[in-house]
Amino acid sequence: MKIKIAVRLVLSLLPAIAGGGCATHALWTKADLDNCNIPAGKVNLRLFTTHSDSEVVVVYDEYSERHDSTRTRAYLLRENESRIEQRHPPMFVKTNSFTDLRPVPIFLSTNGGPIVSSQPVYAVFSTNSQSFTLSSDGKVTGPYELPVYDDGKGKAERLALTPLAATADLTIVGGILGYYFVVYASSFGGR
């Protein structure tokens with residue numbers, strides 16, 4: 001009788017012990033708390049060069065899944081290139097912190113031939129892939145993707161909820177242990 005109870009106890013606790021707890025495991029593996037920031041449906045892309053043409057300021061409208069809202073964002077292209085490729089948020093800037101910004105003409109890509117402009121610097125925006133290429137004095141660079149990134153707040157929420165989930169897991173394990181303790185104690189009390 002003691003062996004049966006011990007085996008039942010171990011088997012019933014095994015999923016909670018091996019899985020790290022049902023509530024805690026679900027909290028950290030489900031993507032319900034993750035939300036992305038993506039280019040808005042109407043991205044309203046604007047590009048500017050700095051006075052030395054060494055940097056391009058990208059201004060666009062971003063959609064936040066978490067807040068279900070759109071806001072205008074700006075970042076320095078070259079400074080944030082690797083962050084955007086790694087799907088991290090760029091280091092955003094305020095456009096009024098720059099002086100002498102010159103607008104870069106933007107053409108929409110078409111299925112026709114290549115776009116040629118007499119402008120020394122211009123961009124071609126692809127609405128299909130939310131990216132653009134830059135042409136400066138005949139040299140084309142890019143494509144440069146607009147930022148798509150997890151807003152990172154899901155991790156903070158998970159950290160805040162972990163103590164509650166762990167408490168729930170411990171309560172379940174304690175309930176199972178209490179049940180088997182009562183069954184075990186009653187099996188000896190009846191003799």
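**Close-up views of the predicted model**

**View 1. Phe92 is partly exposed, with a relative accessible area of 26%.** The coordinates shown here and in the following views belong to a predicted model. Arg73 is placed over the face of Phe92, 3.6 Å from the centre of the ring.

**View 2. The chain combines four helices with ten strands.** Read from the N terminus, the elements follow the order α-α-β-β-β-β-α-β-β-β-β-β-β-α. The chain has 191 residues, of which 29% count as buried. Of the contacts between residues at least 6 apart in sequence, 51% join residues at least 24 apart. The exposed area of the chain is about 12,200 Å², and carbon and sulfur atoms supply 60% of this area.

**View 3. The largest nonpolar core comprises 17 residues.** The residues with the most contacts inside this core are Leu45, Leu47, Val58, Leu77, Phe132, Leu134 and Leu146. At least two core residues come from each of strand E3 (56-64), helix H3 (77-85), strand E7 (121-126) and strand E8 (131-136). When residues up to four places away in sequence are not counted, the residues that Leu134 touches include Leu47, Val56, Leu77, Tyr122, Ala123, Val140 and Tyr144. In soluble globular proteins, nonpolar side chains tend to be buried together.

**View 4. Asn80 of helix H3 is shown with its polar contacts.** Asn80 is buried, and its relative accessible area is 0%. Its side chain reaches the backbone oxygen of Leu76 at 2.8 Å. A polar atom of the Asn80 side chain also lies 2.7 Å from the backbone nitrogen of Met91. With neighbours within four places in sequence left aside, Asn80 is in contact with Tyr75, Pro90 and Met91.

**View 5. The count of aromatic pairs comes to four.** One of them is formed by Tyr60 and Tyr75, an edge-to-face pair with 6.0 Å from centre to centre and 80° between the planes. Tyr60 belongs to strand E3 and Tyr75 to strand E4 (residues 69-76), so the pair ties together parts 15 residues apart in sequence. Tyr60 is buried, with a relative accessible area of 0%. Tyr75 also counts as buried, at 0% relative accessibility.

**View 6. The rings of Phe92 and Tyr149 form a tilted pair, because their planes stand at 50°, with centres 6.4 Å apart.** This pair links distant parts of the chain, 57 residues apart: Phe92 is in the loop between H3 and strand E5 (102-104), and Tyr149 is in strand E10 (residues 149-150). Tyr149 is buried, with a relative accessible area of 4%, whereas Phe92 is partly exposed.

Notes
Residues numbered from 1 in each chain as written. Predicted model: local features only at pLDDT ≥ 70, side-chain atom pairs only at ≥ 80, totals over all residues. Heavy atoms only, no water. Buried < 20%, exposed > 50% of the residue type's maximum accessible area, 1.4 Å probe, protein only. Contact = heavy atoms within 4.5 Å. Areas by Shrake-Rupley, 256 points an atom, 1.4 Å probe, with all protein chains shown as cover. Core = buried A, V, L, I, M, F, W, Y, C linked by side-chain atoms within 4.5 Å. Polar contact = N/O pair within 3.5 Å; in protein donor to acceptor, adjacent residues only side chain to side chain. Phe/Tyr/Trp six-rings, centres within 6.5 Å; stacked < 30°, edge-to-face > 60°. Lys NZ or Arg CZ within 6 Å of the ring centre and 35° of its normal.
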